[in-house]
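These are my notebook entries on a structure that I am opening for the first time. I record what I looked up, in the order in which I looked it up.

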Amino acid sequence: MYAIVEIAGHQFKVEKDQRVFVNRLQTEEGKKVSFDNVLLIGDGDKVTVGAPAIDGAQVGAKVLKHLKGDKVIVFKKKRRKGYRVKNGHRQSLTEIVIESIAASGAKKAAKVENEGAKKAAPAKATKKAEPKVEAKAAAPKAEATQDLSKFTVAELKEKAKAKGIEGISSMKKADLIAALS
């Protein structure tokens, strides 16, 4: 039995007891992880393809260790220009071993996540109401700029001096209004 699963943005063809190096996972060494984004499961002649993922399918794995990959040298050169740059890179990796491939059984976990999302939805609605209040608070600032436009340039320069703004002698009226608001 094999499966094609998406782990950390990459797709891997995995089998039971296979060791796989994936991009660094935030799980501690020795802990178990499960991946719900299973794209395909093959069991002999029977192949199940998801659209895009198979509902209820799950791949279980155990984190063995965190390590760094081999060094990759990146060398850039432009001939006859004297331009040469040499950089190195070592990718952070996690070694995992696949413990189980289940074609069904992850539906309960998916339902729990969906219920949690439903509970979190009203909190998001209240957050959307707050920016509207901020938009109303921003409106008086616009009124303040309109009030400043009624003043003469000399009066605006006096206010700028009082605030300690430098270089006001060469500023235009619009620049003074922007500096004071």
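I take contact to mean heavy atoms within 4.5 Å. I also note at the outset that this is a predicted model.

**Entry: a contact list to begin with**

With that cut-off I looked up arginine 84, which sits in strand E8. Leaving out residues up to four places away in sequence, arginine 84 touches Phe75, Lys76 and Lys77. Is arginine 84 buried or exposed? I found a relative accessibility of 64%, and exposed means over 50%, so arginine 84 counts as exposed.

**Entry: overall layout**

I then turned to the whole chain. The protein has eight strands and three helices, and from the N terminus on the order is β-β-β-β-β-β-β-β-α-α-α. Of its 181 residues, 22% count as buried. I noted an accessible surface of about 13,400 Å², with 51% of it belonging to carbon and sulfur atoms. Among contacts between residues at least 6 apart in sequence, 61% join residues at least 24 apart.

**Entry: the nonpolar cores**

Which residues touch the most other members of the largest nonpolar core? I listed Ile7, Val14, Phe35, Val38, Val59, Ile96 and Ile98, out of 20 residues in that core. The elements giving two or more residues to this core are strands E1 (2–7), E2 (10–15), E3 (19–23), E4 (32–35), E5 (38–43), E7 (58–78) and E8 (83–102). I followed isoleucine 96 further; not counting residues up to four places away in sequence, its contacts include Ile7, Val20, Val22, Leu25, Phe35, Ala61 and Val63. A second, separate core has seven residues, among them Leu156, Ala160, Ile168 and Ile177.

**Entry: the pair H2 and H3**

I next examined helix H2 (residues 153–163) and helix H3 (residues 173–180). Their axes come within 10 Å and cross at roughly 35°. The crossing of H2 and H3 is left-handed. From H2, the residues Val153, Leu156, Lys157, Lys159, Ala160 and Lys163 meet Lys173, Leu176, Ile177 and Leu180 of H3. By class, I recorded six nonpolar, four charged and no polar residues in this contact.

The loop between H2 and H3 holds isoleucine 165. Neighbours within four places in sequence aside, isoleucine 165 is in contact with Ala160, Met171, Ala179 and Leu180. The C-alpha atoms of isoleucine 165 and leucine 180 are separated by 8.6 Å, and the two residues are 15 apart along the chain. Why did I not file isoleucine 165 as buried? Its relative accessible area is 23%, and buried means under 20%, so isoleucine 165 is partly exposed.

**Entry: backbone details in the loops**

Which residues other than glycine did I note with a positive phi? One is aspartate 17, with phi near 65°, in the loop between E2 and E3. Aspartate 17 is exposed, at a relative accessible area of 58%. Another is arginine 80, with phi near 60°. Arginine 80 lies in the loop between E7 and E8 and counts as exposed at 70% relative accessibility.

My last item was a cis peptide bond, from alanine 51 to proline 52, with omega near -5°. Proline 52 lies in the loop between strand E6 (46–49) and E7.

Key: Residues are numbered from 1 along each chain as its sequence is written. This is a predicted model: local features need pLDDT of at least 70, side-chain atom pairs count only at pLDDT 80 or more; totals for chains, interfaces and linings use all residues. Side-chain values use heavy atoms; hydrogens and water are left out. Helices (H or I, at least four residues) and strands (E, at least two) are DSSP runs, numbered from the N terminus. Buried means under 20% relative accessible area, exposed over 50%, partly exposed in between (1.4 Å probe, protein chains only). Accessible areas come from the Shrake-Rupley method with a 1.4 Å probe; for residues, only the protein chains shown count as cover. Axes are lines fitted to C-alpha atoms, for helices over the stretch in contact, and angles run from 0 to 180 degrees between N-to-C directions. A crossing is left-handed if the near helix is turned anticlockwise from the far one by less than a right angle, and right-handed if clockwise. Ala, Val, Leu, Ile, Met, Phe, Trp, Tyr, Cys and Pro count as nonpolar, Asp, Glu, Lys and Arg as charged, and the others, Gly among them, as polar. A nonpolar core is a set of buried Ala, Val, Leu, Ile, Met, Phe, Trp, Tyr and Cys residues joined through side-chain atoms within 4.5 Å.
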